[in-house]
Amino acid sequence: MNPVSMKQQREIMLSMMTYIDSVCTENEIQYSLSGGTLLGAARHHGFIPWDDDMDVMLLRDQYDKLIQIMKKDIDAPYRLIDVTDKGNPYAFAKICDSRTFRRGPLNEIPEMGIFIDIFPIDYLPDDAQERRRFLTAMKQKQQDLNFYSMRTYNKATKYYKKVLKSVLFLPKFVYFRLTKSERDDKTWLVNQMSSYDHTETVGFTGSQYAPEKEFFPVEWFSQYARLTFENRSFSVIAGYDGYLKQLYGDYMEMPPVALRVNHSYYKWYWAS
């Protein structure tokens with residue numbers, strides 16, 4: 001197998017990000033870099049030096065518009081995977097490069113190549129207690145989607161953990177497969193994720209930062225700007241400073257050297 005180098009991986013993601021940007025620009029869709037990608041744009045004007053992924057986020061109506069367009073018009077070598085794909089345990093979308101594939105314990109979706117995550121941003125309860133309950137429940141429901149696939153019910157970052165989970169979680173996997181409907185559960189989940197309307201607070205319900213930090217004033221998503229990222233220009237929410245402080249604190253301060261670690265569990269290879 002021919003491995004994909006870090007430089008090649010970043011070039012592929014930048015090309016996919018340029019494609020997303022062009023689709024959004026042509027169709028007047030508002031999007032923003034998110035998470036560590038937005039942090040990289042603000043602090044490094046590109047990738048965080050030890051990082052190797054990219055994320056974008058869109059308010060739900062903009063997200064739905066983008067997904068529908070890309071489902072119809074996406075061109076090779078890119079492929080879109082979203083919540084409607086059977087066996088996909090994620091309630092958000094990924095744009096993937098079909099020329100690549102991965103190996104490792106986290107090989108959940110065989111056809112998934114190097115990817116960019118596309119996150120929907122939904123309205124959330126303004127009340128702190130109600131928001132915590134809602135985000136906790138939605139996060140758990142999204143995790144339950146793993147139990148519909150033989151590849152994901154035992155998801156783990158180490159092979160020995162995967163073996164252990166294969167035994168421990170087998171009854172729950174069988175229960176989901178025999179008594180529940182993946183399609184119905186996904187439809188219900190998306191409806192619940194987007195069930196609040198025009199509150200003052202928004203966020204991604206499946207975020208690793210939920211419920212402690214994943215809630216932002218909707219006004220931060222009302223205007224957009226451009227930031228330089230690896231000598232290119234991509235869209236960001238105008239309120240990105242508040243967003244980054246909410247997630248990372250003093251985000252312009254570099255973390256200790258010991259924490260500058262790539263936590264990716266994916267090893268990428270060329271398909272041919």
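Start by selecting D144, which sits in helix α4, residues 128-144. Keep in mind as you click around that this is a predicted model.

**Stop 1: D144**

Is D144 buried or exposed? Its relative accessibility is 13%, and since buried means under 20%, D144 counts as buried. Now show what is around it. Skipping the neighbours within four places in sequence, D144 is in contact with K172 and F176.

**Stop 2: the whole chain**

Zoom out and colour by secondary structure. You should find 8 helices and 11 strands. The C-alpha trace spans about 50 × 50 × 45 Å along its principal axes. How does that fit with a compact globule? For 272 residues, such a globule would have a radius of gyration near 19 Å, and the chain has 19 Å, so the two agree.

Try a surface view next. The chain exposes about 13700 Å², with carbon and sulfur atoms supplying 52% of that area. As for what is hidden, 49% of the 272 residues count as buried.

Then select the charged side chains, in one colour for each sign. There are 35 positive and 35 negative ones, and the centres of the two sets lie 9 Å apart.

If you like drawing contacts, look at those between residues at least 6 apart in sequence: 69% of them join residues at least 24 apart.

**Stop 3: the nonpolar core**

In soluble globular proteins, nonpolar side chains tend to be buried together. Here, the largest nonpolar core has 77 residues. Which of them touch the most other members? Select M17, I20, L33, L66, I95 and I118. Helix α1, residues 6-26, gives this core its largest share, with 9 residues.

Stay on I95 and show its surroundings, again leaving out neighbours within four places in sequence. Its contacts include M16, Y19 and I20, as well as M70, I74, Y78, R79 and L80. Further along the sequence, I95 is also in contact with I114, F115, I116 and I118.

**Stop 4: helix α8**

Finish at helix α8, residues 240-248. Which residues of this helix are buried? Pick G242, Y243, L244 and L247. To see what covers them, add α2 (35-44), β2 (55-59), β8 (216-217) and β10 (232-237), which are among the covering elements. Last, click on the residue that follows α8: this is G249, and its phi is positive, near 75 degrees.

Notes: Residues numbered from 1 in each chain as written. Predicted model: local features only at pLDDT ≥ 70, side-chain atom pairs only at ≥ 80, totals over all residues. Heavy atoms only, no water. Helix = DSSP H or I, 4+ residues; strand = E, 2+ residues; numbered from the N terminus. Rg over C-alpha atoms; globule rule 2.2 N^0.38 Å. Buried < 20%, exposed > 50% of the residue type's maximum accessible area, 1.4 Å probe, protein only. Contact = heavy atoms within 4.5 Å. Areas by Shrake-Rupley, 256 points an atom, 1.4 Å probe, with all protein chains shown as cover. Lys, Arg positive; Asp, Glu negative; His and termini not counted. Charge placed at Lys NZ, Arg CZ, Asp CG, Glu CD. Core = buried A, V, L, I, M, F, W, Y, C linked by side-chain atoms within 4.5 Å.
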